Amino acid sequence: MSKLGNIGARLYRGEVGYDFIGKRKIWYGISILITITAIVGLAVRGLNFGIEFSGGAVFTTPKTSVSASQAQHEAESAASGHQAVVQKLGSGGLRIQISGLDTKQSLPVQEELAKDLNVPVKDVNTQLVGPSWGEEIANKAWLGLGIFMILVVLYLAIAFEWRMALAALIALIHDLTITVGVYALVGFEVTPGTVIGLLTILGYSLYDTVVVFDSLKEASKDITKQNRFTYGEIANRSINGTLVRSINTTVVALLPVAGLLFVGGGVLGAGMLNDISLALFVGLAAGAYSSIFIATPLVADLKNREPQMKALAKRVLAKRAAAAAKGAGQEDAPDEVSGAVEAGDDDGAAAVVGPRHQPASRNRGRGRPSGKRR
């Protein structure tokens with residue numbers, strides 16, 4: 001068995017583990033800090049909406065020696081200050097997006113770009129995009145997100161319980177907020193590909209959470225009929241038991257997404273890959289984090305408010321205290337014997353250790369006949 005597999009088996013059996021529930025307030029604080037940073041970035045910098053949402057024109061040029069930064073300067077100059085986004089294509093050409101242009105403005109901009117980039121005007125392809133199309137996509141995305149959230153809450157409430165449904169919902173909102181905040185902070189363009197990526201991560205985020213919830217549901221069955229573990233301890237064992245599985249699933253999912261983001265987007269200059277892969281990369285990482293450090297600890301906090309769980313915790317602590325007191329009493333007994341012997345109290349020593357030294361008393365009995373013979 002591999003080293004990681006051995007660790008996973010020991011985690012599953014409860015031989016080793018990390019106290020996720022006991023240290024949950026630390027992770028709550030980290031999540032709150034990250035979420036506040038994301039919200040501040042979203043409020044201060046805002047989202048960089050692509051032309052699909054703001055409207056504009058896309059110009060595609062043939063192969064040229066002009067750099068992307070130089071082409072961006074020329075495009076913004078030709079468009080009279082309109083914001084331009086320039087991307088170098090794998091073929092050596094340029095993809096220039098200029099927001100806020102209409103049909104009348106696009107033709108002179110096309111001619112000016114062809115002149116500045118030293119390419120024929122007929123080879124510069126122009127595509128106009130209206131803001132209504134992006135608005136329609138956004139409205140459908142919001143509708144799909146709302147329906148998804150409602151169905152998830154209903155399913156988890158029926159299959160598990162309402163506390164798990166609420167915790168999963170909070171974890172999903174946590175993941176979406178962080179992902180959108182990262183988009184605002186890094187300034188990536190928000191396109192329909194971004195929307196697709198955001199909707200995709202919801203399923204991945206929910207998967208790890210449901211795996212832990214299923215393990216917790218099975219482990220906590222008839223929990224009030226035993227006095228060995230509290231609900232929080234069983235929840236912690238459930239997280240540790242599925243920890244290696246969650247890590248493996250996340251790493252396997254992140255590797256191809258990282259390839260899309262850093263190789264496809266960074267090296268090949270594929271814009272749509274950047275839009276989708278960044279949302280997937282951040283969302284998958286946030287989803288794995290929230291399923292371990294947010295969702296299950298929230299369930300434990302909610303369950304521990306129940307009177308049955310409070311009574312269970314008292315019984316478990318009382319049993320452990322009694323066992324500790326009993327163990328302490330057994331450890332103190334040898335000290336009492338030693339003290340009596342050291343004090344030279346033969347009667348006291350015999351009273352304490354007499355039953356354990358019956359063979360010695362029989363030897364003394366056998367010694368008396370030898371005295372008579374003397």
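## Helices H4 and H5

H4 passes H5 in a right-handed crossing. This is a predicted model, and in it the two axes come within 9 Å, with a crossing angle of roughly 145° for H4 and H5. On the H4 side, the residues that touch are Ala 71, Glu 74, Ala 75 and Ala 78, and they meet Val 109, Glu 112, Leu 113, Asp 116 and Leu 117 in H5. Sort that H4–H5 contact by class and you get six nonpolar residues, no polar ones and three charged ones.

## The four-stranded sheet

Next up is an open sheet with four strands in the order E3-E4-E2-E5, paired antiparallel. Strand E3 (84–88) and strand E5 (125–129) sit at the edges, each pairing on one side only. On average, neighbouring strands here are turned by 15° against each other, ignoring direction.

Both H4 and H5 turn up again at this sheet. Helix H4 (residues 68–78) packs on it, touching E3 and strand E4 (94–99), and the direction of H4 makes about 150° with that of E3. Helix H5 (residues 103–117) also packs on the sheet, but its contacts are with E2, E4 and E5, and its direction makes about 30° with that of E2.

## How the strands pair up

In general, strands of a sheet pair through backbone hydrogen bonds, in a parallel or an antiparallel way. Going through the pairs from one edge, E3 and E4 run antiparallel and share five bridges. Within that pair, Val 85 has Gln 97 in E4 as its bridge partner.

E4 is also joined to E2 by five bridges, again antiparallel. Gln 97 comes back here: this residue of E4 stands opposite Val 58. On to the other edge, strand E2 (residues 56–60) pairs with E5 over five bridges in the antiparallel sense, and Phe 59 stands opposite Thr 126 in E5.

## H7 against H8

Further along the chain, helix H7 (residues 162–186) and H8 have axes that come within 10 Å and cross at roughly 145°. The handedness of this H7–H8 crossing is right-handed. The contact involves a long list of side players: from H7 it includes Met 164, Ala 167, Ala 168, Leu 172 and Asp 175, and from H8 it includes Thr 194, Leu 198, Ile 201, Phe 213 and Lys 217. By class, the H7–H8 contact has 13 nonpolar, four polar and two charged residues.

## H8 against H9

H8 has another neighbour. The axes of helix H8 (residues 192–219) and helix H9 (residues 231–241) come within 9 Å, crossing at roughly 135°, so H8 counts as oblique to H9. H8 passes H9 in a right-handed crossing.

From H8, Val 212, Ser 215, Leu 216 and Ala 219 take part, facing Tyr 231, Ile 234, Ala 235, Ser 238 and Ile 239 in H9. That H8–H9 contact splits into seven nonpolar residues, two polar and no charged. Leu 216 of H8 is listed in the contact with H9, and it is listed in the contact with H7 as well.

## What the UniProt record adds

The unreviewed UniProt entry carries the annotation "transmembrane region" for residues 26–44, 141–158, 165–188, 194–216, 247–270 and 276–300. What does the model show over residues 26–44? That span is 100% helix and 0% strand, and its end C-alpha atoms lie 27 Å apart. Residues 165–188 come out at 92% helix and 0% strand, with the end C-alpha atoms 32 Å apart.

Methods. Residues are numbered from 1 along each chain as its sequence is written. This is a predicted model: local features need pLDDT of at least 70, side-chain atom pairs count only at pLDDT 80 or more; totals for chains, interfaces and linings use all residues. Side-chain values use heavy atoms; hydrogens and water are left out. Axes are lines fitted to C-alpha atoms, for helices over the stretch in contact, and angles run from 0 to 180 degrees between N-to-C directions. Helices (H or I, at least four residues) and strands (E, at least two) are DSSP runs, numbered from the N terminus. Angles under 35 degrees count as roughly parallel, over 145 as roughly antiparallel, 65 to 115 as roughly perpendicular and the rest as oblique. A crossing is left-handed if the near helix is turned anticlockwise from the far one by less than a right angle, and right-handed if clockwise. Contact means heavy atoms within 4.5 Å. Ala, Val, Leu, Ile, Met, Phe, Trp, Tyr, Cys and Pro count as nonpolar, Asp, Glu, Lys and Arg as charged, and the others, Gly among them, as polar. UniProt positions are given in the numbering used here, feature names are shortened, and annotations may be inferred rather than shown by experiment. Two strands pair if DSSP finds at least two bridges between them.
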